[in-house]
Amino acid sequence: MTLQQRAEELDSHDPLAHYRHHFIGSDAPVSYLDGNSLGRPLKRTADDVAAFIRDDWGGRLIRGWDEHWLAMPQAIGDQLGRAVLGAAPGQTIIADSTTVVLYKLIRAALAAVASPDRNELVLDTENFPTDRYLVEGIALEEGLTLRWIQADPAAGVTVEQVREATGPRTAVVLLSQIAYRSGHLADLPAITAAVHDAGALVVWDLCHSAGSVEIGLDEAGVDFAAGCTYKYLNGGPGSPAFAYVNHRHLPSLNQPIWGWMGRKDAFEMAAGYEPAAGIRGFLSGTPAIFGMIAMKGTLDLVEEASMAAIREKSEKLTAFAVEVFDALLAPLGAELATPRDPARRGSHITVDHAEFTKATVEALWDGDVIPDFRAPHGIRVGLSPLSTSFREVLQGMEEMRNRLHA
Ligand SMILES: *Cc1c(COP(=O)(O)O)cnc(C)c1O
């Protein structure tokens, strides 16, 4: 069977194939392999946003805040918790950007556990830049020590490495569930347990896992988590982030950016800051309503399709991408910088080749094949389970092959 026949067979047996038609642009001859950086918009989003402008913003004007909008960070947060995060209501809120939310969560966690004897922040060398910079800044602010885990760039942080790096001096551990470059899927439950064994708290960055893998935050007893909604959740460029705080921490913890929206009865506008009870206290300023409208469309789809089915398709997509890699790219000297075991990776793969440069990816973009470049020599192929087809994967990876010298 040719790869073309394989792709067609996989598409025709894909129980989620029909969802692709819910997305704008899915009929165009484009191979979109970057839904892990910016998800495609849903067709309904164009209508939802237009209706919002016309009826809600245009019709209700300032009354909209009291009628719906003020409740949206928690209402959409609860839906996200249920559909995607494995989180019971009251622990998730939509706010800010991932960078800002992570800052708030890390500082809240430190306030709970850090002491002169427990003054280390643990992170890994392969984490996303914003995560590394944030922790470097917080360590300076708070006079803390950083302990770096040297992660394998083609894999990721292991439970053994976390056990080795943590102990009585550890305050907080910050990790990504899926490594943004390699796609490695960390063992979230086991690592969370290891951090707790050391008496420390964990903050998980879920940017590449929200909407691509089943998460189970409550079941794993995770302390804190954050992530973005413009990747697999299709919230649109710069849509707000989410914050999860386990209910056991909510009564006692406080975040450091005291704004009026996080205050008990914001509109009292009274003297002095008193945090709102529960997850609402993790808000700071006025919520970004537009971005929540687009993500609502995806959350409805995810609830209908189920994360279990989405994860199953994601594993098949990455397995097919590895099959195409083995057939077309490995013989030309390319290397797979992603775990081969589907259970150990998320929804993208990275292919390294000395001939891959930024210019290679620019040329691919000009031909409507859209993966992204990851220095020094990687092309990242992102597969968004609700909108990517197997044919699209093959088409894009054939073009990658065509850029290499035989
Ligand atoms: C995309 C991404 C971010 C982005 O953070 P922003 O504040 O939205 O810019 C953070 N962490 C990880 C792991 C990411 O993949």
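Q: What places Glu362 and Lys358 about one turn of a helix apart?
A: The two residues are 4 residues apart, and both lie in helix H12 (residues 358-366). A helix here is a DSSP run (H or I, at least four residues), numbered from the N terminus. This is a predicted model, in which local features need pLDDT of at least 70 and side-chain atom pairs count only at pLDDT 80 or more, while totals for chains, interfaces and linings use all residues. Residues are numbered from 1 along each chain as its sequence is written, and side-chain values use heavy atoms, leaving out hydrogens and water.

Q: Why is the pairing of Glu362 with Lys358 called a salt bridge?
A: The term requires a side-chain nitrogen of Lys or Arg within 4 Å of a carboxyl oxygen of Asp or Glu. For Glu362 and Lys358 the closest N and O atoms are 3.8 Å apart, so the pair qualifies.

Q: Why does Lys358 count as exposed?
A: Exposed means over 50% relative accessible area, buried under 20%, and partly exposed in between (1.4 Å probe, protein chains only). Lys358 has 54%, so it is exposed. Its partner Glu362, at 43%, is partly exposed.

Q: How do you know that Asp11 and Arg391 form a salt bridge?
A: Their side chains meet at 3.1 Å, N to O, so the cut-off is satisfied. Asp11 belongs to helix H1 (residues 3-12) and Arg391 to helix H13 (residues 390-402), so the bridge ties together parts that are 380 residues apart in sequence.

Q: Why is Asp11 called buried?
A: Its relative accessibility is 9%, so Asp11 falls in the buried class. Arg391 has 40% and is therefore partly exposed.

Q: What makes Arg380 and Asp372 a salt bridge?
A: Their closest N and O atoms are 2.8 Å apart, so the pair meets the criterion. Arg380 and Asp372 are both buried. Salt bridges with shared partners join Asp34, Asp372, Arg374 and Arg380 into one network.

Q: Why does Ile53 count as partly exposed?
A: Ile53 has 39% relative accessibility, so it belongs to the partly exposed class. This residue lies in helix H2 (residues 43-60).

Q: What makes the approach of Thr99 to the ligand a polar contact?
A: A polar contact with the ligand is a pair of N or O atoms within 3.5 Å. An N or O atom in the Thr99 side chain is 2.5 Å from a ligand oxygen, so the pair qualifies. The side chain of His208 has an N or O atom 3.0 Å from a ligand oxygen, and that of Asp131 has one 3.3 Å from a ligand nitrogen.

Conventions
A polar contact is a pair of N or O atoms within 3.5 Å; within protein, one must be able to donate a hydrogen and the other to accept it, and residues adjacent in sequence count only if both atoms are side-chain atoms.
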